[in-house]
Amino acid sequence: MEEWQQLLVDGINRSSQLPPEWRSSKEGVDQGDVEKTFPIRINGYYSSLISDPDGPIGRQVIPDPEEVLDFESPVDPLGEDTDSPVSAIVHRYPDRVLFLVTNQCPIYCRYCTRKRMIGTPEGVVTRREVEEGVEYIRDHPEVRDVVLSGGDPLMLKDDYLEFILSELRRIPHLEIIRIGSRVPSSLPQRVTPELCSMLKKYHPLFMNLHFNHPDEITPQASLACNMLADAGIPLGCQTVLMKGVNDDPDILKKLFQKLLTIRVKPYYLYQADLTRGANHFRTPVAVGLEIMKKLQGHTSGMAIPHFVIDAPGGGGKIPILPQEYLISMEEGDVVLRNYEGNVFTYPDIILPETVREEGGLASPEPEVGPLGNRNGHAGK
Ligand SMILES: *Cc1c(COP(=O)(O)O)cnc(C)c1O
Ligand code: SF4
């Protein structure tokens, strides 16, 4: 057995294995009741990072009775099951699909949007379903990008993962392959030299990792990321904004800056989804916007992810920016506010009349901007 497999076996996989100081109950519900609906997995590496069960690492994986005291919220908040043409594929956007290749993960995050399937017997993804997914992509020439997700694709054994990657690479219209993985942050021992030399045969391959707190960036996690980066895989990070975990501008700034030092580019900061059993993690949207304001201009643009809300019911990811930056856009003037609160005007370019008409825009008269008529000659 490899080290990472041993860490899974030796971890906490049942509520009865939780140390006494990690136990809790509320309104007559305890963690044993939680585990009947939402499985538990805290592998031996990740549990070693927990000093306080109510701290930022503990909260992400220690079951909370709150999870089963929520009966209202949707089980499938993003309507993924509705956009699923075959069971392993979610096809929502025109040119790319999500391919759910497993329901296993290195840890079972309590805030997971896919709690409905993660680690459950019903959620298991069969080889037949994976083959169907590959066929679906092969039959859909518009799909030029696939995101392998789940669950965590790196939980699959090397040869099975390689089977999936090689099947996908035989599809001529598929340009890029992405893997979403929690492994480098929660079970970095899984990133072995063998895995890296296998992965690098399937470029262009991208990976989006999932770090939520600077304490997850340990020497082991750094090593795993460096090995993946050395295999030529561009690394991004998708972070979920969560109450009591990382809802603080200083913590997130530190996380995003540290990620760059291990060659991981912050990609998305997610507003927490409205998921049954995970609502106790939600923060007001204003908290996220305030955090974005404290990042923009104050640190490297490279360290700043897009802040997105995955729209309930299947609207997809929608980026949101603090409103302060764009004050107005009238009569050729774009009035802007910078990160220090100072106001600047950018004289906009006004399209020539012909282009405006072709573009279906109103205004028959050419407009005169503050610097005179900048409509130019435009073929007239
Ligand atoms: C997030 C997501 C993708 C990938 O979106 P990008 O913005 O391209 O990273 C694709 N399909 C589904 C269903 C998704 O939720
Ligand atoms: S690793 Fe990802 S898919 Fe798995 S439980 Fe955590 S958030 Fe959900």
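Here is a friendly exchange about the ligand sites and strands of this predicted model.

Me: What makes Arg-96 a polar contact of ligand 1?
Reply: The cut-off for a pair of N or O atoms is 3.5 Å. A polar side-chain atom of Arg-96 lies 2.7 Å from an oxygen atom of ligand 1, so the pair counts as a polar contact.

Me: How do you know that Tyr-268 and Lys-317 belong in that group too?
Reply: The test is again 3.5 Å. For Tyr-268, a side-chain N or O atom is 2.5 Å from an oxygen atom of ligand 1. For Lys-317, a polar side-chain atom lies 2.9 Å from an oxygen atom of the ligand. Both values fall within the cut-off, so both pairs qualify.

Me: How much of ligand 1 does the protein bury?
Reply: Taken alone, ligand 1 exposes 380 Å², and the protein buries 90% of that. Strand E4 (96–100) and strand E9 (264–271) are the elements that each give two or more residues to the shell.

Me: Why is the shell of ligand 1 described as having no polar residues, when Arg-96 and Lys-317 are in it?
Reply: It comes down to the classes: Arg and Lys count as charged, and Tyr and Val as nonpolar. The shell includes Val-90, Tyr-93, Arg-178 and Tyr-267, and its residues divide into five nonpolar, no polar and four charged.

Me: What makes two residues around ligand 2 polar?
Reply: Around ligand 2 are Cys-105, Ile-107, Cys-109, Cys-112, Ile-118, Gly-151, Arg-182 and His-210. Cys and Ile count as nonpolar and Arg as charged, while Gly is among the polar ones and His falls with the others, so Gly-151 and His-210 are the polar residues. That fits the split of five nonpolar, two polar and one charged.

Me: Why are E3 and E11 called edge strands?
Reply: The open sheet runs E3-E4-E5-E6-E7-E8-E9-E10-E11, with mixed pairing. Strand E3 (89–90) and strand E11 (316–319) each have a single partner strand, so one side of each is left without a neighbour in the sheet.

Me: How do you know that E6 and E7 are paired?
Reply: Pairing needs at least two bridges. Strand E6 (residues 176–181) and strand E7 (residues 205–209) have five, in the parallel sense, so they pass. One example is Ile-179, whose bridge partner in E7 is Met-207.

Me: What makes E13 and E14 a pair, and in which sense?
Reply: They too share five bridges, here in the antiparallel sense, so the requirement of at least two is met. Leu-336 stands opposite Phe-344 in E14. In their hairpin, five residues lie between the strands, and Gly-341 takes a positive phi near 95°.

How values were computed
Residues are numbered from 1 along each chain as its sequence is written. Chains are lettered from A and ligands numbered from 1 in the order in which they are written. This is a predicted model: local features need pLDDT of at least 70, side-chain atom pairs count only at pLDDT 80 or more; totals for chains, interfaces and linings use all residues. Side-chain values use heavy atoms; hydrogens and water are left out. A residue is near a molecule or strand if one of its heavy atoms lies within 4 Å of it. A polar contact is a pair of N or O atoms within 3.5 Å; within protein, one must be able to donate a hydrogen and the other to accept it, and residues adjacent in sequence count only if both atoms are side-chain atoms. Accessible areas come from the Shrake-Rupley method with a 1.4 Å probe; for residues, only the protein chains shown count as cover. Helices (H or I, at least four residues) and strands (E, at least two) are DSSP runs, numbered from the N terminus.
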